[in-house]
Amino acid sequence: MACPGTFSDEPLSPAGRLFLQQKTDVVIHCIARTKNPIDVDGAKATIMSSPMGQHPRFCSLLVRDDNGFEHWRKTRLDVDRHVIVVKHRVNEDEEDDEVAVNLYVADLSVSSPLSTDKPLWEVHLLTAHKHVVFRIHHSLGDGISLMSMLMASCRKVSDPDALPMMVPEKTTEKKRDSPWSFGSMWGFLKMAWLTFVFVLEFLLRSLFVSDRKTAVSGGDGVELWPRKLATAKFLLDDMKEVKKAIPDTTINDVLFGIVSCGLSRYLDHRTPNALHEGLRMTGVAMVNLRAKPGLQEISKLMKDNSETRWGNKFGVILLPVFYHKSGNDPLEYLKRAKVMVDRKKQSLEAYFSYRIGDLIVSLLGIKYASLINYRLLCNTTFTISNLIGPLEDITLSGNPISSIKVSTSSLPQQALTMHMVSYAGKAEMQILVAKDIIPDPEFLAKCFEDALLEMKVAAMEANKA
């Protein structure tokens with residue numbers, strides 16, 4: 001089947017080119033668990049009639065011209081080459097379906113690049129486990145774009161004709177100060193100062209300033225080492241209970257508090273008394289730069305064959321978390337995380353990181369941009385993202401979905417990457433590790449889960465006071 005429309009070769013965006021370089025080649029993995037057995041023929045038909053089968057990016061080959069520049073070239077889509085059906089159990093020694101599928105995806109994260117003789121995506125149907133694994137190259141789009149594409153193919157369980165609702169509607173809008181008020185002028189000066197400080201730190205981290213080595217630090221060539229994948233599970237109601245303890249706290253604040261507390265717990269277990277109080281571990285966090293981040297709206301635009309906001313439109317911020325010994329008030333981790341995240345929100349670090357990347361590509365070329373990105377990963381400890389998923393239960397090809405999780409292929413120099421997605425009142429964080437460095441990611445996941453539960457208990461006590 002040919003994709004609709006005709007156009008000549010289209011050049012890749014700078015961000016798309018970056019994700020195709022050898023040092024920064026990244027594939028996104030999305031795991032969906034179905035409640036009912038998978039209908040293979042029905043799944044193929046759904047793919048061909050969905051945005052995945054119609055969108056120009058998913059119907060185009062990656063080609064390079066005589067000067068080495070990458071382009072998208074329209075091709076005929078053969079769904080049978082993209083849908084891989086695995087009928088047997090992927091791990092005979094593992095009875096738990098979730099664990100078996102995590103092992104399967106962990107192996108894909110290192111050993112199975114996408115073939116360039118077809119559009120850069122695959123769908124693996126693990127029928128024995130009732131799991132679907134989407135493998136989509138990051139050059140096709142970021143998490144917002146790809147989740148929107150998936151949601152445009154889904155429907156609500158409660159209303160089979162309705163698209164999933166992604167973001168709760170806002171009922172109130174904060175009153176803004178006059179642009180000439182003292183508050184606005186002070187806010188502008190604070191934004192300018194924080195932007196300068198954080199962008200300077202971003203540049204230094206991209207060149208030579210590095211985190212101190214710990215038991216979770218990566219190293220040279222670690223992206224080629226075998227991987228393990230574990231899942232940390234949270235209830236959004238628990239995270240919302242924790243939010244109430246500190247005014248104006250967000251789910252992201254709670255997440256980074258959990259990461260700080262959980263990593264401290266894990267390092268206490270692995271290397272007791274080896275680290276000094278307040279040791280910094282820097283995370284690379286992705287930030288959506290779209291003016292209107294609602295995934296529902298993007299799904300509608302895609303349905304109308306619009307590419308207005310498709311692609312890789314995100315910046316990165318450096319988000320430090322700090323080691324503190326167990327026994328401290330768990331809400332202290334949240335308070336410190338909130339202070340840092342609030343400062344990041346008041347700056348333009350994410351925007352400038354995106355523009356700096358474009359500028360380096362324009363002035364020095366994609367190889368230097370890739371090198372800068374590679375050095376940033378070398379000098380930090382982990383990568384993290386948080387994506388809002390559907391607010392209620394959904395179906396895909398008429399099959400109810402019980403779980404949605406996201407991870408990526410291994411990243412250079414980093415032994416730890418974490419990606420969280422919320423879905424129908426739950427949040428699941430995929431923890432991908434180099435297993436020779438972090439041999440027990442299941443314990444690390446439990447550290448994160450226990451951190452939230454301790455914060456919840458402390459928050460409930462604080463909320464009663």
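Reader: What share of the 465 residues in the protein do buried residues make up?

Author: Buried residues make up 54% of them. Buried means under 20% relative accessible area, with exposed over 50% and partly exposed in between (1.4 Å probe, protein chains only). This is a predicted model: local features need pLDDT of at least 70, side-chain atom pairs need pLDDT 80 or more, and totals for chains, interfaces and linings use all residues. Residues are numbered from 1 along each chain as its sequence is written, and side-chain values use heavy atoms, without hydrogens and water.

Reader: Why is Lys 118 called buried?

Author: Its relative accessible area is 9%. The cut-off is under 20%, so Lys 118 is buried.

Reader: What makes Leu 61, Arg 81 and His 82 contacts of Lys 118?

Author: Contact means heavy atoms within 4.5 Å. Lys 118 touches these three residues, leaving aside residues up to four places away in sequence. The side chain of Lys 118 also reaches the backbone oxygen of Arg 81 at 2.6 Å.

Reader: How do you know that S1 and S4 pair?

Author: Two strands pair if DSSP finds at least two bridges between them. S1 and S4 (residues 70-74) are joined by 2 bridges, so they pair. They run antiparallel. Trp 72 in S4 is the bridge partner of Glu 10.

Reader: What makes S1 and S3 edge strands?

Author: The open sheet has the order S1-S4-S3. S1 (10-11) and S3 (60-64) each have a single partner strand, so one side of each lacks a neighbour in the sheet. Strands here are DSSP runs (E, at least two residues), numbered from the N terminus.

Note on methods: Helices (H or I, at least four residues) and strands (E, at least two) are DSSP runs, numbered from the N terminus. A polar contact is a pair of N or O atoms within 3.5 Å; within protein, one must be able to donate a hydrogen and the other to accept it, and residues adjacent in sequence count only if both atoms are side-chain atoms.
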